[in-house]
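Colleague: I'm new to looking at protein models, and I'd love a close look at just one part of this one. Could you pick a pair of helices that touch and walk me through how they meet?

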Amino acid sequence: MAKLVECVPNFSEGINKEVINALGEAISRTPGCVLLDVDAGASTNRTVYTFVGSPEAIIEGALSAARVAGQLIDMSRHTGEHPRMGALDVCPFVPVMNVSMEECVTCAHVFGQRLAAELGVPVYLYGEAAREESRKALPAIRAGEYEALPEKLAKPEWAPDFGPPTFVPRWGATVTGARTFLIAYNINLLCTKELAHRIALNLREQGRGADQPGRLKKVQGIGWYLEEENIAQVSTNVLDFETTPLHTVYEEVCRDAEALNLPVVGSQLVGLVPKKAMLDTAEFYIKKEKLFILEEEQKIRLVVSRLGLDSLSPFHPQERIIEYLVQAGEVDSGLVAKPLGAFVRAVGRRSAAPGGGSVSAAAAALGAALGCMVGLMSYGKRQFEELDPIMRKLIPPFHQAMDELVAMVDADSRAFSSYMEAMKLPQSIPEERERRTAAMQQGLKTAVRVPCALAEKVSGLWPALKELARHCNLACKSDIQVGAKMLEAAVFGAYFNVMINLKDITDEKFKLVMSQKVSGLLEEAKQGSALVLALLEKRGA
């Protein structure tokens with residue numbers, strides 16, 4: 001699969017539309033780069049661009065925009081609410097797909113070196129790309145901002161990583177680096193800038209200093225005023241949403257605002273956000289409010305509502321969640337994106353993949369979907385009201401498995417394709433034959449693990465399916481019967497796919513372990529399906 005890096009350059013221009021557009025066009029024109037988002041702020045006088053591409057393309061895109069900034073932005077005239085020190089203020093590289101952090105560090109180093117060489121400007125490295133511990137944090141490098149640069153650059157300890165240690169008035173200095181996904185998240189308040197900043201100091205990890213740290217780890221923060229919206233904001237950078245989720249930031253701001261009798265009027269995401277950050281927040285409110293929501297679309301809608309993400313402008317998930325944007329830009333979305341007829345025809349072609357493995361995964365997904373359907377048909381109706389607490393527990397496993405099993409349709413096809421590609425490797429000399437054999441063995445092991453994982457996933461559904469058979473709406477009896485047999489058939493398919501690939505694997509220990517595991521899962525599927533059918537017949541008698 002293709003390597004994908006995200007680049008999020010922040011340019012010190014948020015008012016002049018001609019400049020903002022020219023920078024975006026420079027990125028869009030770069031081969032291999034896809035511009036996902038442009039977020040301009042008049043009060044901050046700053047525009048954040050988000051684009052993705054291969055490691056090589058992403059460097060070229062950032063350099064193209066930097067060249068335009070060098071011609072059109074004059075830092076000696078710049079003012080704005082946001083801390084800044086350069087025309088291209090900061091340019092981080094972020095791993096998105098099939099890319100390591102080390103590769104993003106390399107991107108930052110190559111970009112910084114080339115930027116300094118081409119434009120003759122000072123460049124600092126931060127984050128994972130920093131060469132010194134004292135330069136890891138962006139605020140430490142940017143302390144004093146643009147105005148402090150003449151004095152700062154004269155100090156040996158602040159010599160740039162690339163470029164001359166001289167002040168360039170039109171440009172200032174640039175910081176580049178590599179980091180995990182940063183979420184720029186602002187909470188709106190009806191108050192003064194000073195009160196917003198007071199809350200920011202309470203929350204940000206840095207706090208008011210070493211002796212007064214803030215409450216939230218991996219969070220930077222500042223208070224400012226948006227003149228164009230006539231509101232104040234606690235503006236935060238969430239450096240690690242796994243450590244401090246979005247809902248924690250929002251709820252903590254609300255807590256401090258309530259103590260000061262200040263109204264919170266929604267919040268704002270600047271740029272893009274990972275889907276998991278949104279879903280984690282959805283799960284928080286679902287649990288807190290004892291809600292029952294299954295669909296991803298509805299969970300996202302809940303987050304938009306609870307955080308007030310559409311308070312300043314409409315929040316369109318397809319344009320703001322990075323996975324949705326990447327998915328929309330993919331040329332080949334795989335088998336699962338095909339219409340049913342096209343999928344069936346793809347299976348029917350004269351080709352080894354997709355084959356029995358992908359069909360087994362599709363059967364399993366349909367079996368789980370029928371379980372989900374039967375649960376929902378037994379939920380939320382007055383005549384089955386006493387079943388609601390039971391169905392709330394039984395439906396989610398089927399809904400989750402349905403999505404995971406659908407993904408295995410393509411996973412199985414890719415697994416077998418990797419083996420077929422290994423067979424095409426050259427074998428002219430002993431070293432080539434050795435590499436080819438190793439790649440083929442690895443491909444076969446992957447082709448075994450995927451169907452075995454499918455059988456394990458189905459194994460986890462039998463307890464819920466049996467419980468569903470005991471309690472479900474009997475008008476759906478045939479649906480749950482079909483679901484049980486589909487799941488059983490899927491495990492049969494997984495078993496056959498595992499066994500046919502095991503015969504060519506030379507690792508005897510691996511063969512024994514996988515053979516025993518899939519055989520056990522098949523027996524469990526036979527028994528599970530039979531018990532579900534028996535329970536239904538007993539109820540229907």
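**Two helices side by side**

Modeller: Sure! Let's start with the outside and work inwards. Keep in mind that this is a predicted model. The chain exposes about 25300 Å², with carbon and sulfur atoms supplying 54% of that area. Turning to what is covered up, 51% of the chain's 541 residues are buried. If you lay the C-alpha trace along its principal axes, it spans about 85 × 70 × 45 Å. In there you'll find 18 helices and 11 strands. As for who touches whom, take the contacts between residues at least 6 apart in sequence: 73% of them join residues at least 24 apart.

Now for the pair you asked about. Zoom in on helix α15, residues 430-459, and helix α17, residues 477-502. Their axes come within 9 Å and cross at roughly 160°. An angle over 145 degrees counts as roughly antiparallel, so α15 and α17 are roughly antiparallel to each other. The crossing also has a hand, and for α15 and α17 it is left-handed.

Which residues do the touching? On the α15 side they are L444, A447, V448, P451, C452, L454, A455 and V458. Facing them from α17 are L487, A490, V491, A494, N497, V498, N501 and L502. Sort the residues in this contact by class and you get 14 nonpolar and 2 polar, with no charged ones. Try clicking through both lists in the viewer, and you can follow the contact for yourself.

Conventions:
Residues numbered from 1 in each chain as written. Predicted model: local features only at pLDDT ≥ 70, side-chain atom pairs only at ≥ 80, totals over all residues. Heavy atoms only, no water. Axes fitted to C-alpha atoms, helices over the stretch in contact; angles between N-to-C directions. Helix = DSSP H or I, 4+ residues; strand = E, 2+ residues; numbered from the N terminus. Parallel < 35°, antiparallel > 145°, perpendicular 65-115°, else oblique. Left-handed = near helix turned anticlockwise from the far one by under 90°. Contact = heavy atoms within 4.5 Å. Nonpolar A, V, L, I, M, F, W, Y, C, P; charged D, E, K, R; others polar. Buried < 20%, exposed > 50% of the residue type's maximum accessible area, 1.4 Å probe, protein only. Areas by Shrake-Rupley, 256 points an atom, 1.4 Å probe, with all protein chains shown as cover.
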